[in-house]
Amino acid sequence: GDQEEGYGGGLYPRQGADDDRIRLYFNTEDMDATLERVQELGGSIDEQKNPVPGMGWYAHVRDTEGNKFSFWQSDENAPTPEGITSGQASAG
């Protein structure tokens, strides 16, 4: 697609005691394929893809050493999740 180059960022309240590091996001054109690849390479998925309404999708993963990072896929058609409040995370 015709994507703008550049950097973005966001600052959010901590979600818990282990949430004390900067989280890096990497852009992807295909979140599902990217998450499959993470697992093929020995990484793990902390949080499957979730929509940010009207903006896109994110997913939180870990590499083979347990380092956390995330992926972002832009999608202006991303839906509003049903019955989910912002900041809710699954227990892991």
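Modeller: Which residue forms a salt bridge with D32, and how far apart are the closest N and O atoms?

Biologist: Good place to start, and please keep in mind that this is a predicted model. To read a salt bridge, look for a side-chain nitrogen of Lys or Arg within 4 Å of a carboxyl oxygen of Asp or Glu. Here D32 pairs with K49, and the closest N and O atoms are 3.3 Å apart. D32 belongs to helix α1 (residues 31-40) and K49 to strand β2 (residues 44-52), so this pair ties together parts that are 17 residues apart in sequence.

Modeller: How many salt bridges does the count come to?

Biologist: The count comes to three. In another of them, R37 meets E40 at 3.0 Å, N to O. Both R37 and E40 lie in helix α1, three residues apart, which is about one turn of the helix. R62 also forms a salt bridge, with D46, and there the closest N and O atoms are 2.7 Å apart. R62 sits in strand β3 (residues 56-62) and D46 in strand β2, so the pair ties together parts that are 16 residues apart in sequence.

Modeller: Among the residues of these bridges, which is exposed, with a relative accessible area of 55%?

Biologist: That is E40. The reading is simple: under 20% relative accessible area is buried, over 50% is exposed, and partly exposed is in between. R37, the partner of E40, is partly exposed at 45%. In the pair of helix α1 and strand β2, D32 is partly exposed at 44% and K49 is partly exposed at 30%. For the remaining pair, R62 has a relative accessible area of 26% and D46 has 32%, and both values lie in the partly exposed range.

Modeller: Let me step back to the whole chain. In what order do the elements run from the N terminus?

Biologist: Read the secondary structure as a string of elements. The chain has one helix and four strands, in the order β-α-β-β-β. To see how the strands come together, ask which ones pair and in what sense. β1 and β4 pair in the parallel sense over three bridges, while β3 and β4 pair in the antiparallel sense over seven bridges. W72 in β4 is a handy landmark: N27 stands opposite W72, and so does Y58.

Modeller: Which residue in the hairpin of β3 and β4 takes a positive phi?

Biologist: G66 does, with phi near 90°. The hairpin has five residues between its strands.

Modeller: How many of the seven residues of β4 are buried?

Biologist: Five of the seven are buried, so β4 is mostly covered by the burial cut-off of under 20%. A general idea helps when you look at any strand: in a regular strand the side chains alternate between the two faces of the sheet. One residue to inspect is Q73, placed in strand β4 (residues 68-74). At 17% relative accessibility, Q73 counts as buried. Beyond its neighbours within four places in sequence, Q73 is in contact with T28, E29, D30, M31, M55, G56 and W57.

Modeller: Which residues make up the largest nonpolar core?

Biologist: The core has ten residues: M31, L35, V38, I45, W57, A59, V61, F69, F71 and A78. α1, β3 and β4 are the elements that give two or more residues to this core. A59 makes a good viewpoint inside the core. Not counting residues up to four places away in sequence, A59 touches M31, L35, E47, Q48, K49, F69, S70 and F71. That list includes K49, the salt-bridge partner of D32.

Modeller: And on the outside, which residues make a nonpolar surface patch of about 360 Å²?

Biologist: I22, L24 and F26 make that patch. I22 lies in the segment before β1 (25-27) and counts as exposed at 79% relative accessibility.

Modeller: Last one: what share of the 92 residues counts as buried?

Biologist: The share is 23%. The chain exposes about 7400 Å², with carbon and sulfur atoms supplying 47% of that area. For contacts, look at sequence separation: among those between residues at least 6 apart, 40% join residues at least 24 apart.

Key. Residues numbered from 1 in each chain as written. Predicted model: local features only at pLDDT ≥ 70, side-chain atom pairs only at ≥ 80, totals over all residues. Heavy atoms only, no water. Buried < 20%, exposed > 50% of the residue type's maximum accessible area, 1.4 Å probe, protein only. Contact = heavy atoms within 4.5 Å. Areas by Shrake-Rupley, 256 points an atom, 1.4 Å probe, with all protein chains shown as cover. Patch = residues over 30% accessible without salt bridge, like charges linked within 9 Å, V, L, I, M, F, W, Y side chains within 5 Å. Pairing = 2+ DSSP bridges. Core = buried A, V, L, I, M, F, W, Y, C linked by side-chain atoms within 4.5 Å.
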